[in-house]
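Biologist: I am new to this structure and would like a close look at a single part of it. Could you take me through one helix and its surroundings with some care?

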Amino acid sequence: VDTPHRGKRPNFDTIRFLEEVADIVSQQAREIESREMLIVERKALEEKNIALNTVLSNLAEERESFIRGIAESIDTVLLPALNRCINENGSVNPAYFSYLKNSLMELSNSQGGSQLIFPKLSPREAEICEMIKNGMPTRKIAEALHIKLATVKKHREVIRRKFGLTNNSSNLTTFLNNM
């Protein structure tokens with residue numbers, strides 16, 4: 001700016017004007033760059049949005065398939081077994097009852113049921129709950145898991161607390177079997 005122009009040096013007003021023009025041009029260049037970056041980011045967000053929508057639709061399809069699978073298992077296996085579970089004289093057929101119970105447990109475990117039933121429990125506590133549900137006494141649980149009797153008792157206390165059974169006369173075995 002200070003270089004002679006037409007043999008004269010520019011005056012102060014010309015220099016200020018040229019600096020303002022340079023500032024305006026650089027500001028507009030930054031705005032153009034920002035707009036271009038926004039356009040690129042918007043396209044990236046649109047692509048991510050499309051990918052997320054695809055994932056969500058796949059999850060919805062899997063959920064529907066999961067529900068259909070459970071309904072099919074209930075219709076084809078469990079309901080016929082339930083109908084055969086009661087004899088004509090009103091007594092329970094132990095073979096069909098056992099088959100029905102095992103089928104329900106298998107269906108539950110294959111669909112991640114133990115995780116849904118015991119979400120608050122540690123893996124060891126969930127394992128102890130399964131043993132309690134199957135009617136194992138504390139001593140047998142301790143022997144099976146190779147832990148001390150006091151440890152099993154402590155786990156039982158923690159399980160009762162997590163299920164809100166403390167200071168309650170509810171039987172843990174009955175509670176677990178009714179879940």
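Modeller: A residue is called buried here when its relative accessible area is under 20%. With that in mind, and remembering that this is a predicted model, we can turn to helix 5, which spans residues 138-145 and in which Thr138, Ile141, Ala142 and Leu145 are buried. Seen down the axis of helix 5, these buried residues fall within an arc of 100 degrees, so they line one face of the helix. The cover over that face includes helix 4 and helix 6, and just after helix 5 comes His146, whose phi is positive, near 60 degrees.

The two covering helices also deserve attention as a pair. The axes of helix 4 (residues 123-133) and helix 6 (residues 149-162) come within 10 Å and cross at roughly 95 degrees, which means that helix 4 is roughly perpendicular to helix 6. On the side of helix 4, the residues in contact are Arg124, Glu125, Ile128, Cys129 and Ile132, while helix 6 contributes His155, Arg156, Val158, Ile159 and Lys162. Sorted by class, this contact of helix 4 with helix 6 has five nonpolar, one polar and four charged residues.

As for confidence, the protein chain averages a pLDDT of 82, and 88% of the residues score at least 70. Within the chain, confidence is highest in helix 6, at a mean of 92, and lowest in helix 3 (residues 113-117), at 51. Where pLDDT is low, the predicted coordinates should not be read in detail.

Note on methods:
Residues numbered from 1 in each chain as written. Predicted model: local features only at pLDDT ≥ 70, side-chain atom pairs only at ≥ 80, totals over all residues. Heavy atoms only, no water. Axes fitted to C-alpha atoms, helices over the stretch in contact; angles between N-to-C directions. Helix = DSSP H or I, 4+ residues; strand = E, 2+ residues; numbered from the N terminus. Parallel < 35°, antiparallel > 145°, perpendicular 65-115°, else oblique. Contact = heavy atoms within 4.5 Å. Nonpolar A, V, L, I, M, F, W, Y, C, P; charged D, E, K, R; others polar. pLDDT = per-residue confidence, 0-100. Buried < 20%, exposed > 50% of the residue type's maximum accessible area, 1.4 Å probe, protein only. Arc of directions from axis to C-beta.
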